[in-house]
Amino acid sequence: MTSRLSKVTLAVMGLLLYFAPETANAQEVICLTIQGKGTATVMIPNNTKENVVSDTAYILDGGEATTGITTARLNDKPILQALLNDYSIKHLVFVCSHPDRDHMGGLMAIVKNKNENDTDLEQFDRITFVDTEVDGEVLPTDAKKSLFKTFQEFHPAYDKVEHKSARKGDKIVNAFTGELAGTEQLKVANLSYTITGGRPHDQALIVEHSLIGEGGVKSIAVNFDDAENGLVGEWIRQRVETLGKARTPLICIVPHHGSNNTDLSPLLDPKLKLNWQSTVFTVNPRNKFKHPGARNMETAIRLVGLKNVHITGRLAPGIDGVRENVRITTAGVAESTPQEIRRMHDLFIAPRLIEARAAQDLLQDQIFEERAAGGDAEAKVFRELEKHMESFEALEWIDYHIREHLRKNPPLFLPPGDKPWDPGSPSEPSKRPKALGPQNGGKPVVRQAGEPNPGSGSGDVKSLEAISRELLPEAKSRAESGEAEKRIRPIKGGVILCGAVTSEMRPLEARYRTNDERVEIEVDIADKAGVGTLVYDDVTMTELWSAYYFIRPTKKMQESFGVGESSTGLVGYTGRRFFFELNEEWKFGIHPAIARTVIGRDAMHLDMLLSCRSLDYPKVPRYDTYQWYDQNAAVTQHEGRLMIRPKSDPSSPLMRFRLWGVKEELSGVSELQKLLLDDFDEVASNLKINNMAECRLRRAELALEIELQKESNEARHPKSNGSLQLAFENDRNERLDALWKNANLDSETPRKLARLKQKAVALVAKRLNADDVTRRVSGESPDDADEAEVWKQYRDLVAAEKLDTESAFKRQVLRRNIILKSRNAPDGKNPTDQEMNAEYFKLIEEEGLLQDPWALIELCENKARFTAFVRLVREHGEAEKTGKRTLSNLEYDESDYLKTAYASFPPYRRIERFARIVALLQWLQNNTVLPDLTADVKPITMKISARLGRERVAPTQPE
């Protein structure tokens, strides 16, 4: 009897075999996945613990110091540990192709024993260093010091170390001779040539790794690293005839990470008859240089096929269907899975396709505007336009072929919580017209003066004033839509207290004893041992006052705010305020017992933690909403003190959180942003301003915010010096700078003001770091004072640059005054977002500030934001009616997250302590008479205006 297996079943079985744990039983060259820039490669023999063919392994380059090889994994272990334990390596050879920090920095970190949780170098029997003795661009303190000399400095007692130079006078010679040449299964050599330049890239090592298996099966991996074009040409001159005739399968580890400045066409030219089987780009998606170049990727795909183009930065250990590293064996490199190809598209193609389109349109606008003004654009603008048009054409071609491939071969695995990706039915991209032509003297074809913007409809472009007049009535009438907003805004998150409290002890009487700003709760109890007195101490007056009136709300609280005696909600945010900037301000509902107190601020910060956490927190599943709550508690005693502990594990944190999701994902920050993008395009197109340079730039900024939010939520940003949140903010600023520069608008006033604002924040932050301990001890909120100081610093910087008379700064002043007036409004009189918008646009109209194009973009975005919000409300309402938004509890072990919060987030610890006080008072109230607060116990009150990151917080209920 025979059985038939479907294609899908066979494919799954094949993938399971391919991604099963790998054994160390074949010679390999492994291009490591690292978290930052640069390259790190390991060459290992075909060892097992039972069969040691060679005790030598090679490490070629190591990326940067903090994000390079020390972050890589091999067989799910740190690199040195894997080499020592899995491959029985005794002799370690470090090879530095050239001393740039993104190649040498990681090796320097290993040499200095800064690779935490990995094996100490001195556990290896022998160590050899191979380099070219060239001073490079490593960290200043190491610029004149080689790896070998640094090793001797940090390991003075280790004497089985040697150095071998590949440099002989003005020549680079093969350093891999003798035992360094490898074995019959793994041979290593570098290209010999005469040095013709003085830079490190002119003297880099081009290393060849020959892998030979049984029966003479052979492949050669050629690692070009950062060799200059001239060196790549020299390799072609020396090797093409020999390797071409032999038809040996070759794997190209692409030079310069596929940079646009390195043309791969000569190297991958089919006319050379080199048998290239695969190409490997050693690059991460967030590199600021946008490697690999689109044209180089297209060249590689055309030559070796989509499945044989590999990018180390698309790999993701732990995701089904995605390998850990790029492994090169005698058979070459295993073909990419559909999941890996999808990741390549999502990380390297889709976002850059958008950027290339926006960049070329902005340059077209610049040329058009200069011609309309009677001038002519500089030659460099045309060169820049030519470059972006070429990139766009290449990316469009790659995008089409990836979508076509995935349509026929859909990914079998998806990341947790991810949706299947529908590539659609792509049509072959049309060939774009040549950017250069004789009809205009060799310059790109652009619109002539008087022609309408392409894609904006026929007719003349309206004046800024006319467009503003169309938008203003809409802005003024927004306040009338406030009821719809109130009706649908859901309460998100929340901090709830008053879980059940039990104890074997029976309280007889409780008292408060005050001492300066501290209070002790003294309790007479009875238990199996008899009658005694226990103390719960170190309670502040604010904590006791707030906890007391949280569980025993006054009559005024009950009448004014509808607070019941069994109310458990401490704080919950009701939405975010979109006043010109994404996520600028949060709105909260706050229990009156903690309004305008330090505890209130902490509760808001705690409620925001899941949404705006620092990126080094453990990841959580995708969720629709969440809730913080205190676990059921037990009261015990220890050495005369009352102890409040959770009844279930983990035994330390009383505060927990639970996550809920929906059957169909319809919510989330990025959802509103995506709707905003669509509506922004529609509004701009209707007004015929969609090709306006400022409009294109703002659209690109909105798209960037979506990408940044996605990276933040998924916690995929690479580590750098300092916290991950700081790295994320620095990256955000760099990418914004790139957008403005590509648009040739970086000299515009709004961008200058943004840089001055960053400088002002940095100046204040420097002082705050010094005062941090004092501020925390005092318990007072510094936020209003900090903001005022930032504004003062910013205003002074603006005046010094003579920008205080510019329209953009005048609008910022008006905007800030409106926000301050809103925060200082009497209780219950705070204006809505729409009212604030209407007032703002009325003022800029009265002040004659509408002639600035950036004011027009604000008007356009305001209309789009409101339209997107209404669409989101409507879709959510329909989903709730049809039952598509049924919440279900997400099973998730939050213990690691809580440990991180306890260790790194002070508001979590303070609310944790406050929850214990609430639990203690609840236990007392349920078992005896809770004493009234004396006149001496009063809270420390303050005007709350707390911040977390760039978000601002303001309570919506008074004390």
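**Group meeting: a walk through a predicted model**

Hi everyone, let's begin with threonine 312, which counts as buried because its relative accessibility is 5%, under the 20% cut-off. Before I go on, please keep in mind that this is a predicted model.

So where is threonine 312? It is found in the loop between strand S15, residues 309–311, and strand S16, residues 326–328. If you click on it and leave aside the neighbours within four places in sequence, you will find it in contact with Cys31, Leu32 and Thr33, with Val280, Phe281, Thr282 and Val283, and with Val326.

Threonine 312 also takes us to a cavity. The structure holds 2 cavities of 30 Å³ or more, and Thr312 is one of the residues lining the second largest cavity. Rolling a probe the size of a water molecule over the atoms shows where empty space is left. In the second largest cavity that space comes to about 30 Å³. Which residues line the second largest cavity? Besides Thr312, they are Ile34, Gly36, Lys37, Gly38, Thr282, Val283 and Asn284. By character, this lining divides into 5 polar residues, 2 nonpolar and 1 charged. Thr282 and Val283 will sound familiar, as they are among the contacts of threonine 312 too.

Now to the strands, and to S5, residues 126–131. Of its 6 residues, 5 are buried, so this strand is mostly covered. S5 is joined to strand S4, residues 91–95, by 5 bridges, and the two run parallel. On its other pairing, S5 is joined to strand S6, residues 161–165, again by 5 bridges and again in parallel. Valine 130 is a handy residue to select here: valine 95 stands opposite valine 130 in S5, and valine 130 in turn stands opposite lysine 164 in S6.

A smaller topic next, the open sheet. Its 3 strands come in the order S7-S8-S10, with antiparallel pairing. Why is one side of S7 and of S10 left without a neighbour in the sheet? S7, 167–168, and S10, 193–194, stand at the edges, and each has a single partner strand. S7 pairs with S8, residues 171–172, over 2 bridges in the antiparallel sense, and lysine 168 stands opposite lysine 171 in S8.

For a hairpin, please go to S25, residues 633–638, and S26, residues 641–646. These strands pair in the antiparallel sense over 6 bridges. Threonine 636 has methionine 643 in S26 as its bridge partner. There are 2 residues between the strands, and glutamate 639 in the turn has a positive phi of about 50 degrees.

A quick word on cysteines. How many disulfides are there? The count comes to 0. Cysteine 96 counts as buried, at 4% relative accessibility, whereas cysteine 498 is partly exposed, with a relative accessible area of 24%.

My last stop is isoleucine 911, in helix H23, residues 906–927. Is isoleucine 911 buried or exposed? It is buried, with a relative accessible area of 0%. Not counting residues up to four places away in sequence, isoleucine 911 touches Ile599, Asp602, Ala603, Leu606 and Met655. Leucine 606 deserves a second look: it is 305 residues apart from isoleucine 911 along the chain, yet their C-alpha atoms are separated by 7.9 Å.

That's my tour, thanks for listening!

Key. Residues numbered from 1 in each chain as written. Predicted model: local features only at pLDDT ≥ 70, side-chain atom pairs only at ≥ 80, totals over all residues. Heavy atoms only, no water. Helix = DSSP H or I, 4+ residues; strand = E, 2+ residues; numbered from the N terminus. Buried < 20%, exposed > 50% of the residue type's maximum accessible area, 1.4 Å probe, protein only. Contact = heavy atoms within 4.5 Å. 1 Å grid on protein atoms, 1.4 Å probe; cavity = no way out; pocket = protein on both sides within 12 Å on 5 of 7 lines; lining within 4 Å. Points joined across faces, edges and corners; volume = space filled by probe spheres on them. Nonpolar A, V, L, I, M, F, W, Y, C, P; charged D, E, K, R; others polar. Disulfide = S-S within 2.5 Å. Pairing = 2+ DSSP bridges.
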